[in-house]
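Hi,

Here is the structure I said I would pass on. Have a look at it first, and my notes come after.

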Amino acid sequence: MTQTDVAIIGGGINGGSTGLELAKNGLDVTIIDKNFICRGASGVNAGTLTMHMTRAQLIPYAKKGWELWMNTSKWLSNDIDVEKKNGLCLAFTEDEEKLLIERSKIRKEYGADITIISRKEAKRIDSNINSKIKCAAFCEMDGYVSANQTGHAYSKALKENKVKMLENYDVSEIDYRKNKYVIIFKNGEKLFASSLILATGVHLEKTLKLLQININIKCLPQQLIVSERMPKIMDTVITVANGKLSLKQFKNGTVLIGGGWPGKGNIEDNYTETKPENLIGNMMLACHAVPKLKSSRVARVWLGLEAETDDAMPIIGKLPKFKNAYVIGSIHSGYTSGPYMGKLLAEKFLGKDVDLSLFDIKRFL
Amino acid sequence: MINNRKYDVIVIGAGPSGVSSAINCAKKGLKVLIVDLNSNSGGQIYRAPPKTYKSISKKLEESEIQKKFSNEIKKFKIETAFNHTVWQVSPGFKVNAFNETSTIQWQTKSLIIATGTYEKIIPFEGWTTPGVIGLAACTVMLKAHHFIPSKKIVLAGNGPLLMLVAYYIIQFGGKIDAIVDTSSKIDWIRSTLSLITNPKNFKDGIKWIFKIFFNRVPIYSTSSIEKAVEVDRGIKVTIKNFMTGKTKNIVSETVAIGHGLIPSTDITRLLRAEHIYNEQKGGWIAKVDRFLRSSVKGVYLAGDGAGISGALAASDKGLLASSALLYDEKIISEKEFNQYTHKILKKLDKFEVFAIAISKLNSIPKNLIENIDNDTVLCRCEDVTKKEILKAVDQGAKDINQIKSWTRLGMGPCQGRTCQYATSKVVAEYLNYEIKDLGYLTGRSPIRPVPLDRVLGDFDYEKITKVEAAPL
Amino acid sequence: MDLRVSNYFNRSNKVNINVNNKKIEAYEGECLAVVLFVNNIKKLRLSPKKKQSRGMFCLMGSCQECVVVINDKKVISCNVFIKDGMKIKVGDFDK
């Protein structure tokens, strides 16, 4: 039987960032994952670091998260490709133009440095975009992470900071006795923990149930499409007014098309299935935004399961009625702000004065 | 773009097993479509020459068999979609394919997967040099396209294909500089003896060996190619005998190498069917019951896809899989099914003896894996070396999918078909693991790179399905 | 030496194709990957990191190594059949 100060269930970016920060503050941390570190939504993500797709209220957090991503060598690892790029959000019709102006204005009110620019100005920033745009929203604070490298980077950093990792450990029960947690695994092993942090992404609904907390977490099966390597065809991160496309070219020449064109998936057995009609829609939208993309070949398509609460806002903070139990998850467009949210939760855990009232789980109970 | 034509059965792959299963279903009145990447039926083994070739008096046995396939497909009114590359198969079942100009989707109740195999090639230093090709590629070049690859050639690897290719090259007027075989002469005698049960193969084998013997082709047994380098007049090959350690350099024009066959599991992995590891049957294979039903209802495996048994068994495996389908769909009675499959299973048992003998000749000696130099590229698409793989393993990558996301191995256009087998061997050897513990690459669509212009065609922005705006 | 084997089949019409602006003779309908290979045009693409030349390898549509550019489109040449006047780019076509 093993013991730990803090048990974190879920080894994605949320759990990993929280664990890393706690370990750096001298705590004995164990991260548990039913698969491998960052192999769920964190590892298959589009990795876009943008304000254009962030919910307005989350902009201040996304900005801090963005800064963290741009300085990964300081807190995570040197082994991860993060690029700063200009971000262009495009509007192709009059309706979209209206939507873009309205949404950008609100995001700006929350602190995003977004400006509306003309077609001509947008073309000057990236000549590869479709000339038929009505206007664009521009933000310098944009970029991307190569999500497939997060598993490697987080594993390495966690190991260096002496975080114990229990990979391929599936939790079947959590016993709460005398202010202590006994985590029981499917393989029969047990782990004793003084504190508990739940960070199981799309599985949060099920994990919270283990503590008799019932809330809804929706599962959004997002489809991602990547092209084979090709010569440079674009130089910005492209999004669209309704927030349902993210498009960028990595340093290695591959172009990644992400966005909210769902496939099929269920949480129970992690099953995912592409929906060809939605794939094709998403490909069309991407090729419409950057016409040169049409000469490429699709190398691979995959899905990631995104978690969303009923109000599409995160749940971060203490779990009521439990001592030393916390939750973090459902951070909308969470890649950008994830590391910062993890850091905030760690600070809260350590007793610092952090306001997480916006993300309190109580609103669903 | 989306054609909703519905079929009772879609057969993917028009080799001998695909054709026999399609005919079996069509005979019972089912609406059958057979799809293949090539421009005609026959698969790789009886691959038809290009359509522009005109046959002259001398008949090739393979071409005659292929012609029979074409005639029967016509006779039983089986619909065909040649020159179509399947890129996605989803449950239910929807099959997506593209041809030279566009993409198409068909629907079907049942699916017979007869996609055969691709070649197993263990890397060595310089195996990426242009002019180093697969032995199977060499066979296709000789028997389907009617070319010899170059005036001079070195053949390497193991198994019967080595002798078959040598035979055809000599027959067609080429010169073989060397045959480099990982097996010993004793391995050959043992295997050849066990082939006596199969007169046709035995006769062929003897024919090949005599030809090679009389042409005094230098044969290097228990040897492998250590290195290949591009030089002025072609490729300089270093041959190493791993029993004696002796090396020899030869300059030739082409190197053809192959170590047996790997069952194609692209589609069954995509459908999340269960797979098992069986070295003797070619590596990872879809798990099937005696009648070749996969773990996914309505999906059947014909031919070598669920384990290598060779070309002669292929059409019987097609009959077996399609009989299971006909029985499951209540088209034939249990009695009919039992009578029919009893006979086939008995016949297939005989072929199994032969398949085991071949798989012994194609076994991968340990030193072939150990001898791979650290700087050798394992993943050709993404240029990932053995050193980089082992570094990821040292840093904690524990299964093949983790190795994939940490190193990009298998992320290129071939989707890991060329590198998965050898990489798994290398890592298993290094960690002293079983290959089954490393798992297999998760099946991802598209199983072949899809040209975007063909999938999308010309479209108007207004016609793109709009999705609901994200919450602000 | 012509590497064509003519024991069993006659080829169709002789045609010309253009590979990196060089004229190559071939017969209509022959497989492009094979025609390039026997004409000693073996370096078809550059590998992404090491920038090594790569060429035809499996000849059955699996490995994707024999990719060339025809009409600005990437295609695997083992699945292309010669037509008169075909214009093909090989080598470092990503530049």
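Below is what turned up, going from the contacts between chains to the strands and then the helices.

One thing before the details: this is a predicted model, so please read everything here as computed from that prediction.

**Chain B against chain A**

The contact between these two takes 33 residues from chain B and 42 residues from chain A. On the chain B side, the elements that give two or more residues are β5 (85–90), α12 (400–407), β23 (450–451) and α15 (452–456). Of these, α15(B) has the largest share, with 4 residues. Sorted by class, the chain B side comes to 19 nonpolar, 11 polar and 3 charged residues.

There is strand pairing across the two chains as well. Strand β16 (residues 297–308) of chain A pairs with β23(B) in the antiparallel sense, over 2 bridges. If you want a spot to zoom in on, Arg297(A) stands opposite Pro451(B) in β23(B).

**Chain C against chain B**

Here the contact takes 40 residues from chain C and 41 residues from chain B. On the chain C side, β1 (9–10), α1 (32–38) and β5 (53–54) each supply at least two residues, and the largest share, 3 residues, comes from α1(C). By class, that side has 17 nonpolar, 12 polar and 11 charged residues.

Strands pair across this contact too: strand β3 (residues 54–55) of chain B and β1(C) run antiparallel and are joined by 2 bridges. Lys54(B) has Asn10(C) as its bridge partner in β1(C).

**A parallel sheet in chain B**

Chain B has an open sheet of 5 strands, paired in parallel, in the order β9-β16-β10-β11-β12. Which strands stand at the edges? They are β9 (132–134) and β12 (219–220) of chain B; each has a single partner strand, so one side of each is left without a neighbour in the sheet.

At the β9(B) end, 3 bridges join β9(B) to strand β16 (residues 254–258) of chain B, and the two run parallel. Ile133(B) is bridged to Ala256(B) in β16(B). Lying across β10 (152–157), β11 (175–181) and β16 of chain B is helix α4 (residues 160–171), which runs at about 175° to β11(B).

**Around β13 in chain A**

Strand β13 (residues 255–258) of chain A is worth a look. As a reminder, side chains in a regular strand alternate between the two faces of the sheet. In β13(A), Val255(A) and Ile257(A) point one way, while Leu256(A) and Gly258(A) point the other way. Are these residues buried or exposed? All of them are buried.

β13(A) has antiparallel pairings with strand β10 (residues 218–227) of chain A, over 2 bridges, and with strand β12 (residues 246–249) of chain A, over 4 bridges. In the β10(A) pairing, Val226(A) stands opposite Leu256(A). In the β12(A) pairing, Gln249(A) has Val255(A) as its bridge partner. β12(A) and β13(A) form a hairpin with 5 residues between the strands, and Gly253(A) takes a positive phi near 100° there.

**Two helix pairs**

In general, two packed helices are described by the angle between their axes and the distance between the axes.

In chain A, the pair is α2 (residues 59–70) and α9 (residues 334–349): their axes come within 7 Å and cross at roughly 90°. α2(A) and α9(A) are therefore roughly perpendicular to each other. From α2(A), the contact uses Tyr61(A), Ala62(A), Lys64(A), Gly65(A), Trp66(A), Leu68(A) and Trp69(A). They meet Thr336(A), Ser337(A), Gly338(A), Pro339(A), Tyr340(A) and Met341(A) in α9(A). The residues of this contact divide into 8 nonpolar, 4 polar and 1 charged.

In chain B, helix α11 (residues 386–394) packs with helix α13 (residues 420–431) at an angle of about 50°, with the axes 11 Å apart. That angle is why α11(B) and α13(B) count as oblique to each other, and the crossing is right-handed. α11(B) brings Lys386(B), Ile389(B), Leu390(B) and Val393(B) to the contact, and α13(B) brings Thr423(B), Val426(B), Val427(B), Tyr430(B) and Leu431(B). The split by class is 7 nonpolar, 1 polar and 1 charged.

Over to you!

Definitions and conventions:
Residues are numbered from 1 along each chain as its sequence is written. Chains are lettered from A and ligands numbered from 1 in the order in which they are written. This is a predicted model: local features need pLDDT of at least 70, side-chain atom pairs count only at pLDDT 80 or more; totals for chains, interfaces and linings use all residues. Axes are lines fitted to C-alpha atoms, for helices over the stretch in contact, and angles run from 0 to 180 degrees between N-to-C directions. Angles under 35 degrees count as roughly parallel, over 145 as roughly antiparallel, 65 to 115 as roughly perpendicular and the rest as oblique. A crossing is left-handed if the near helix is turned anticlockwise from the far one by less than a right angle, and right-handed if clockwise. Two residues are in contact if their C-beta atoms, placed from the backbone, lie within 7 Å. Ala, Val, Leu, Ile, Met, Phe, Trp, Tyr, Cys and Pro count as nonpolar, Asp, Glu, Lys and Arg as charged, and the others, Gly among them, as polar. A residue is buried if 20 or more other C-beta atoms lie within 10 Å of its own, exposed if 12 or fewer, and partly exposed in between; C-beta atoms are placed from the backbone. Two strands pair if DSSP finds at least two bridges between them.
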